[in-house]
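Trainee: I should like to go through the terms used for this model and the grounds for each. May we begin with the contact between the chains?

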Amino acid sequence: MKYWLNLYRANLRVAIANMLQYRFTILIWAVWGFVGPLISLAVWSAASAARGGTIVNKTTGASFAAGDFAAYFLVYMIFGHLMMSWDAFEFASRVQNGGLSPALLKPVHPIHRDAASNIAFKLTTSAMLLPVWALLFVMLKPHITLNAFSLLAIPALVLGAMLRYVLQYTLALAAFWTTRVDAINQLYNTLDSFLAGRIAPISLMPAWIAGFALYSPFRAMGSFPVELALGRVPAEQILPGFALQSVWLCVAILLLRALWTAGIKQYSSVGA
Amino acid sequence: MVEAQIVLRGLEKVYRVHEREAGMGASIRSLFQRKYKDVRAVDNVSFSVDAGEIVGFLGPNGAGKTTTLKMLSGLLHPTGGETHVLGHVPWKRESAYLKNIGLVMGNRNQLTWDIPALDSFAVNQAVYDIPETAYRQTLNELIELLDLGNIIKKPVRNLSLGERMKCELAASLLHRPKVLFLDEPTLGVDVSMQGRIRQFVAEHNAKYGATILLTSHYMADVTALCKRIIVIHRGRLLYDGPIDTLSERIAPFKLVTVDVENEEAAAQVAQFGEVTEQDGLKVTLRLPRTETSAVVARLLQELPILDLTVADPPIEAVIEQVFQEAPKDEVLA
């Protein structure tokens, strides 16, 4: 345990130092993080205004007024930022130009170094974004109702971030077999936009999509922590929600391990 | 009794490469019908290296040196044969194995580009789980021996090639690997820095008894560090033995240089053997070892000679000759 703490501490220090060298890049990424939710928010605010202020899904009974949309997308903006991962992009180029080789000489899996830099990115950018988030909260007047379970959003957020990280890393491993990782990533992003409740709250979607989304890994690493924070998950669905997150995380880890072993074999037979 | 730390038995690596001619037509043809060729990068290579040895691993570009080193360090999976290093099978990449080896490649880097090398060293301390006291001690030694004092606190991208190489070397040695693979460690580095790195490698070997396998294009590296050399060419082992006897075994000839009195005599020298160099009245002959004394006696008798020297050919020339005369037919499958 002490070994892992030391390892992450050392990697975090380097990653933060490295991150601060690229202030402009951080800014771009950070802006990219809040443009999406703001656009969704603008669209839904307009839609709810056109419908007399509130949108109701008659089958689920879910209702969203302008302030509810603001709360949903603002919390999503922050949580989405904290759960974000971009490893597929970097990993593919490392496999293609041989940059992976030095990492393979080390006695630890390279995912730990990458995860540390993911955490470093979130720490640094969150500190920078805090005033922006605060300002948006003041300006957009979200209607936030917390309940007794809202605090559970924190463990859900941690599990969601881990799930998203491991799943993205697993997808990135496709680079061992194909040079077209972006195509796979494209598909992943499309599914993620809908099934993770990024574009619209899942409870407002048609029943068949919502039913699918509820059990997909996308909601587990997307809107689940957000809905939990805003008291929108019924009490009896909280435990199953966590169970689903844990099951998907286990599946993702097993998949990662299997693909990693096979991928390294492939990488080391064609020339590392 | 010293035990072998690196053992290769019939090691093979075959790459499958997609082959096509240049041009549009060939591109289209290759879309439907791909031609592949098997390239034998390493072909049935066997040798073993004992603990504490420094062995020079030589061969021209594309001989299979780097491929062999990559297989030994676990980066490449061999196509055939066996390897054991420190009792481990390298390609399994067990962490107990990786903790005890180091690979330095002149053209690859492990240091993070934008931050000082010292920060990357600290990550290695954590990765290899090096206790603080041992880390401090090794680090101070490396700083002193490699003269790193001023450079480890600058971002790596601001360092010169030689400075970076020294830092790379230090990063690979912090965990005091028992086996060290050095692939062109002095590539692109100036002569004085080359000397420094060489001296350092020798000291590291003497102090920690590390086993070192070294490739280099600079013969000076090899002659300064290695008593034993292994030569491979087109994937095959050509020579494995003491550096001193390479010329006897592989290039059994001597160089005889004569200063003659006049041009007529200079022209006649060619009748005694193969002229390799001529500079006015100074002519160098290449003679088979066994005939050298007889030919020298005849030269002295028959020509007006002012001065005569007999020498072993320089190691570079021997190696070059090895490569030129090696069989060419059986190389690519």
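Trainee: What makes the surface between chain B and chain A count as buried area?

Mentor: In this predicted model, chain B and chain A bury about 2,500 Å² between them, with 59% of it on carbon and sulfur atoms. That area is called buried because it is accessible area lost when two parts are put together, summed over both. On the side of chain B, B:Leu75, B:Arg93 and B:Val127 lose the most area to chain A, together 22% of what that side buries.

Trainee: How many residues of each chain are in contact?

Mentor: Chain B contributes 27 residues and chain A likewise 27. The criterion is heavy atoms within 4.5 Å.

Trainee: Why is the meeting of B:Asp119 and A:Arg13 called a salt bridge?

Mentor: The side chains of B:Asp119 and A:Arg13 meet at 3.3 Å, N to O. The cut-off between a side-chain nitrogen of Lys or Arg and a carboxyl oxygen of Asp or Glu is 4 Å, so the name applies. The count between chain B and chain A is one salt bridge, and seven residue pairs are in polar contact, both residues at pLDDT 80 or more.

Trainee: Which elements of chain B supply at least two residues of the side that touches chain A?

Mentor: Strand 1 (4-19), helix 3 (95-98) and helix 4 (117-127) each do so. Helix 4 of chain B gives the most, with six residues. By class, that side of chain B has 11 nonpolar, seven polar and nine charged residues.

Trainee: How do you know that strand 1 and strand 2 of chain B pair?

Mentor: Two strands pair if at least two bridges are found between them. Strand 1 and strand 2 of chain B have 12 bridges, in the antiparallel sense, so they meet that criterion. B:Glu19 stands opposite B:Lys35 in strand 2 of chain B.

Trainee: Why do strand 2 and strand 4 of chain B count as edges?

Mentor: The open sheet of three strands has the order 2-1-4 in chain B, with antiparallel pairing. Strand 2 (35-50) and strand 4 (80-85) each have a single partner strand, so one side of each is left without a neighbour in the sheet. The twist averages 25 degrees from one strand to the next.

Trainee: What joins strand 11 and strand 12 of chain B?

Mentor: Strand 11 (residues 274-279) and strand 12 of chain B pair in the antiparallel sense over five bridges. They form a hairpin with two residues between them, and B:Gly280 in the turn has a positive phi of about 65 degrees. The bridge partner of B:Asp279 is B:Lys282 in strand 12 of chain B.

Conventions
Residues are numbered from 1 along each chain as its sequence is written. Chains are lettered from A and ligands numbered from 1 in the order in which they are written. This is a predicted model: local features need pLDDT of at least 70, side-chain atom pairs count only at pLDDT 80 or more; totals for chains, interfaces and linings use all residues. Side-chain values use heavy atoms; hydrogens and water are left out. Buried area is the accessible area (1.4 Å probe) that two parts lose on being put together, summed over both. A polar contact is a pair of N or O atoms within 3.5 Å; within protein, one must be able to donate a hydrogen and the other to accept it, and residues adjacent in sequence count only if both atoms are side-chain atoms. Helices (H or I, at least four residues) and strands (E, at least two) are DSSP runs, numbered from the N terminus. Ala, Val, Leu, Ile, Met, Phe, Trp, Tyr, Cys and Pro count as nonpolar, Asp, Glu, Lys and Arg as charged, and the others, Gly among them, as polar. Axes are lines fitted to C-alpha atoms, for helices over the stretch in contact, and angles run from 0 to 180 degrees between N-to-C directions.
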